[in-house]
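Me: I would like to see how the labels given to this structure are justified. Please set each value against its definition.

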Amino acid sequence: MQPRHSSAAGDGSGPVQLKAVPVRHPGRWIAAAVLVVLGAMLVHAIVFSRVKRGNSHETRFGWAVVAKFFLSRQIFDGLWLTIQLTVLAMAIGIVGGILLAVMRLSQNPLLSGTSWVYIWFFRGTPVLVQLLFWSNLSYLFPPPTGISIGIPFGPTFAHYSANSLVTAYVAAVIGLGFNEAAYMAEIVRAGILSVDEGQSEAAQSLGMTRWNTMRRVVLPQAMRVIIPPTGNETISMLKTSSLASVIPLTELLYSVQIIYARTYQTIPMLLVASIWYLIVTSILTFGQYYLERYFGRGSSRQLPPTPLQRFRRMLTVFHSSVPPPTPAGEVFAGLQTGGAT
Amino acid sequence: MTTPMVLAENVQKRFGLLEVLKGIDLQVNPGEVMVIIGPSGSGKSTFLRCINHLEKIDAGRLSVAGELVGYRQRGDKLYELKDSEVCRKRAEIGMVFQRFNLFPHMTATENIVEAPIRVKGESKATAVARANELLARVGLSDKCDAYPSQISGGQQQRVAIARALAMQPKLMLFDEPTSALDPELVGDVLDVMRGLAEDGMTMVVVTHEIGFAREVGDSLVFMDEGVIVEKGSPRDVLANPQHERTKAFLSKVL
């Protein structure tokens, strides 16, 4: 019998590598050439080409202006506000969404009906309109009464001025958050419905209450389905929060708008905002990966490697002089010996 | 005369227009192992699920250890039990499912201690100690940290039995516990069930394992189309079936 595994050092006893001319792909080369030319044009236009503006020649995209404002105080303040809006609105959205989803699936018709109406309304009107609505609440509750708490048609206990209670900041947070809750409700509902019914039956047969069944058994499993679209929603929210610039609230977009209203350097300032949005969404994408990994435990026999682990493995593969034998190679070697004998 | 563990009188259940149970009369005494066999769709699983109120019965009376399932009787009137009361009663009845239904996001130990901690309010230490005992009893001491996806179907089902036993039930319901298993894994699960029967556990077992019914069962019930066709000691019914339907069924499965 010949040894089925040839040693990687190659002592001559192993099978000879099969030599064959691989299939040619001329189309790939043509496509690559076209892409290289287009890429070069793009890089030239974005980075190197210069245009005359006023008395000076400057880069077409105004990178000097971008650099000047990129790390400025105003931009950071705007970015911080954008992050605050995103976090708070998503917090309201997620908590509200879970609540609405559980209500929607409840056997109590009052609860499921309320949830249905909420989702119908907040999903059915533009979020921009909702934001403007919240910021103009003082039109509905004008001074001096403002917003009062009490028994309808009866006595009131407290008065609040609509403008001091619902500031632009509060209007943005609840406007974005309440709207998000409607979308999150549908995502959470889909997640809950994706969990096998046998799971809640098993929990109930053990005497667990509906609430414990939901909290300990169903929701943790639903998370696997809920997290990817929630990550998507968070990224979406980061960008949707720019709508708060109309209330107005000086988040990232409005911060750059204030600057270009003064300097007329619109595009470079929009680049500043865009690059920051890209940086934050990249960080969020990264975080989402780890969150998915955490809630995926138990669903597969082995967790997928983290990017760091993948990087380390790549390094060890490149550094070792002897490449590890691949399963495909073993099959190949087996075929070879079989053919030779 | 002891109170029967399960007493069914004219139990009926219907899903829409489909009559699944057409009047079941049955008695299971404490310590008895009753095996229910029958073709699929005969209502045996549904009856089992009625016993721990996973399904509500439409007519008749069904009681466990002398107490009505899902209702309370005062005078002539029946009152539906509150969710918390139903839960408390379910906690006394263990159930093992055809498809195991282990919680996939929890390890074997976590699966077992979940209900004792959440439902009975046991301390974690007590619950874990008993979980280890139970895992040893079903022969899986080395799998306490394994997730369900990391162990075989037979091992999952044994963990599921341990999970049900952790609540120290007075009655165990088995819903085709070996039907989803590879043939060579069936034996281990049946061994655990046999051990349980020898320890005096009251069991109602829906199964297609005729050998198990003959060896372990104290009584055998043959159901078809929502009625009990025949019942008696397993040896009599299996060796000498009285009804044509029973004969036809047994000729196919034996």
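Reply: The side chains of Arg61(B) and Glu9(B) form a salt bridge, with 3.8 Å from N to O. This is a predicted model, in which local features need pLDDT of at least 70, side-chain atom pairs count only at pLDDT 80 or more, and totals for chains, interfaces and linings use all residues. Residues are numbered from 1 along each chain as its sequence is written, chains are lettered from A and ligands numbered from 1 in the order in which they are written, and side-chain values use heavy atoms, without hydrogens and water.

Me: Why is the contact of Arg61(B) and Glu9(B) called a salt bridge?

Reply: A salt bridge is a side-chain nitrogen of Lys or Arg within 4 Å of a carboxyl oxygen of Asp or Glu. The N to O value for Arg61(B) and Glu9(B) is 3.8 Å, so the pair fits the definition.

Me: What makes Arg61(B) partly exposed?

Reply: Buried means under 20% relative accessible area, exposed over 50%, and partly exposed in between (1.4 Å probe, protein chains only). Arg61(B) has 36%, so the label is partly exposed.

Me: Why does Arg99(B) count as exposed?

Reply: Its relative accessibility is 54%, and exposed means over 50%, so the label applies.

Me: What is the salt-bridge partner of Arg99(B)?

Reply: Arg99(B) pairs with Asp196(A), the closest N and O atoms being 3.5 Å apart. Arg99(B) belongs to chain B and Asp196(A) to chain A, so the pair joins two chains.

Me: What makes Glu244(B) exposed?

Reply: Glu244(B) has a relative accessible area of 59%, so Glu244(B) meets the cut-off of over 50%.

Note on methods
Helices (H or I, at least four residues) and strands (E, at least two) are DSSP runs, numbered from the N terminus.
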